[in-house]
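Reader: I have a model open and want to go through it piece by piece. Can you take my questions as they come?
Author: Go ahead.

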Amino acid sequence: MDAPTLIPADQLARDNPVRFPNESAEYRAARTALLAEEIELRRHLERVAAQRRALPPGGPVTGDYRFVGEDGATTDFAGLFGTKDTLVLYSYMFGPQRQRPCPMCTNLLGGWEGNAADIGQQVSLAVIARSPIDKLLAWKRERGWRHLRLYSDADGAYSRDYFGVLPDGSEVPALNVFTRRDGTIRHFWSGEMTGATADPGQDPRGTPDPAPLWMVLDCTPGGRPPHWYPKLDYTPHG
């Protein structure tokens, strides 16, 4: 079947009936031009998502990875899938050397917490960190998280192989997706937009950005503050 013919984005933007109280003609002209770009961006995101879904099979997962779950039991990699055939794993920057975790990772996961039960209807979602499970559970209670599943990568083998830890031992956030088809577990996709791929003057980040924080700030006049990151606590002592 042939793909449907798309109406040009600038035409769709011009036909948009939305008008806000007291807006000027100058504002509407600029907003219409921006809307055309937003329509093109949406279309490009759809093309990128389709290209991602069409990736050929990734490398088989062959490491003997072991994780300690919230009940204290150890599971292998296959156990993280549960009944699902797709597994989304986030590497949380909360290694044993940290008293408290990375604020940016925590901000991201706080947003995911509210969606974890819904995401779990389609795929298996889990968070991997290298701290002991008791430490992770204490933090989970402090944050009031209920739906995110936390696992300890106690020996760090998975974190090293799938870029949650760099060769020099420093931690980085890593988002990896795996599939289980016909009894074989394979790597499907990982966010690879690191510092090496960042444009000049930009903080390295992936796209679509998985953090709701930045999506909201991108819609404001000030945009993303260039030298600000969220904190773990906004009380006077935080």
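Reader: Which residues of H2 are buried?
Author: Arg28, Thr32, Leu35, Ala36, Ile39, Arg43 and Ala49 are the buried residues of H2. Buried means under 20% relative accessible area, exposed means over 50%, and partly exposed is in between, with a 1.4 Å probe and protein chains only. Helices are DSSP runs of H or I with at least four residues, strands are runs of E with at least two, and both are numbered from the N terminus.

Reader: What kind of model is this, and what filters apply?
Author: This is a predicted model, where local features need pLDDT of at least 70, side-chain atom pairs count only at pLDDT 80 or more, and totals for chains, interfaces and linings use all residues. Residues are numbered from 1 along each chain as its sequence is written, and side-chain values use heavy atoms, with hydrogens and water left out.

Reader: Back to H2. What do its buried residues pack against?
Author: They pack against H1, with contact meaning heavy atoms within 4.5 Å.

Reader: How many residues does H2 have, and what does it span?
Author: H2 has 29 residues and reaches 42 Å from its first C-alpha to its last, close to the 42 Å expected at 1.5 Å a residue. The expected span is 1.5 Å times one less than the number of residues.

Reader: Now charges. How many salt bridges are there in the whole structure?
Author: A search finds 11. The criterion is a side-chain nitrogen of Lys or Arg within 4 Å of a carboxyl oxygen of Asp or Glu.

Reader: What does glutamate 23 pair with?
Author: Its salt bridge is with arginine 28, and the closest N and O atoms are 2.7 Å apart. Arginine 28 is buried at 10% relative accessible area, whereas glutamate 23 is partly exposed at 21%.

Reader: And glutamate 38?
Author: Glutamate 38 meets arginine 31 in a salt bridge, 3.1 Å from N to O. Glutamate 38 is partly exposed at 35% relative accessibility, and arginine 31 is partly exposed at 24%.

Reader: Which residue does arginine 66 bridge to?
Author: Aspartate 64, with the closest N and O atoms 3.1 Å apart. Aspartate 64 counts as exposed at 57%, while arginine 66 is partly exposed at 41%. Elsewhere, salt bridges that share partners join Arg98, Arg130 and Glu171 into one network.

Reader: There's a lysine at 140. Buried or exposed?
Author: Lysine 140 is buried, because its relative accessible area is 8%. Lysine 140 lies in helix H5. Not counting residues up to four places away in sequence, lysine 140 touches Glu70, Trp145, Arg146, Leu148 and Leu150.

Reader: Different topic: the nonpolar core. How many residues has the largest one?
Author: The largest core has 29 residues, and those with the most contacts inside it are Tyr90, Tyr92, Leu109, Trp112 and Leu148. A core here is a set of buried Ala, Val, Leu, Ile, Met, Phe, Trp, Tyr and Cys residues joined through side-chain atoms within 4.5 Å. S3, H3, S4, H5, S6 and H7 each supply at least two residues of this core.

Reader: Which element gives the most?
Author: H3, with five residues. The buried residues of H3 (103-113) are Met104, Cys105, Thr106, Leu108, Leu109, Trp112 and Glu113. Their cover includes S3 (86-91), H4 (116-119), S4 (124-129), H5 (133-143), S6 (174-181) and H7 (212-218).

Reader: What is tyrosine 90 in contact with?
Author: Leaving aside neighbours within four places in sequence, the contacts of tyrosine 90 include Cys105, Leu108, Leu109 and Trp112. Ala126, Val127, Ile128, Pro173, Ala174 and Leu175 are also in contact with tyrosine 90. A second, separate core of 16 residues includes Val61, Tyr65, Phe178 and Ile185.

Reader: Backbone check. What is phi at asparagine 22?
Author: Positive, about 65°, although asparagine 22 is not a glycine. Asparagine 22 sits in the loop between H1 (9-15) and H2 (25-53), and counts as exposed at 81% relative accessibility.

Reader: And aspartate 182?
Author: Aspartate 182 has a positive phi of about 55° and is not a glycine either. Its place is the loop between S6 and S7 (184-190), and at 84% relative accessibility aspartate 182 counts as exposed.

Reader: Last one. Where is proline 236?
Author: In the segment after H7. Proline 236 counts as exposed at 88% relative accessibility. The C-alpha atoms of proline 236 and glycine 222 are separated by 25 Å, and the two are 14 residues apart along the chain.
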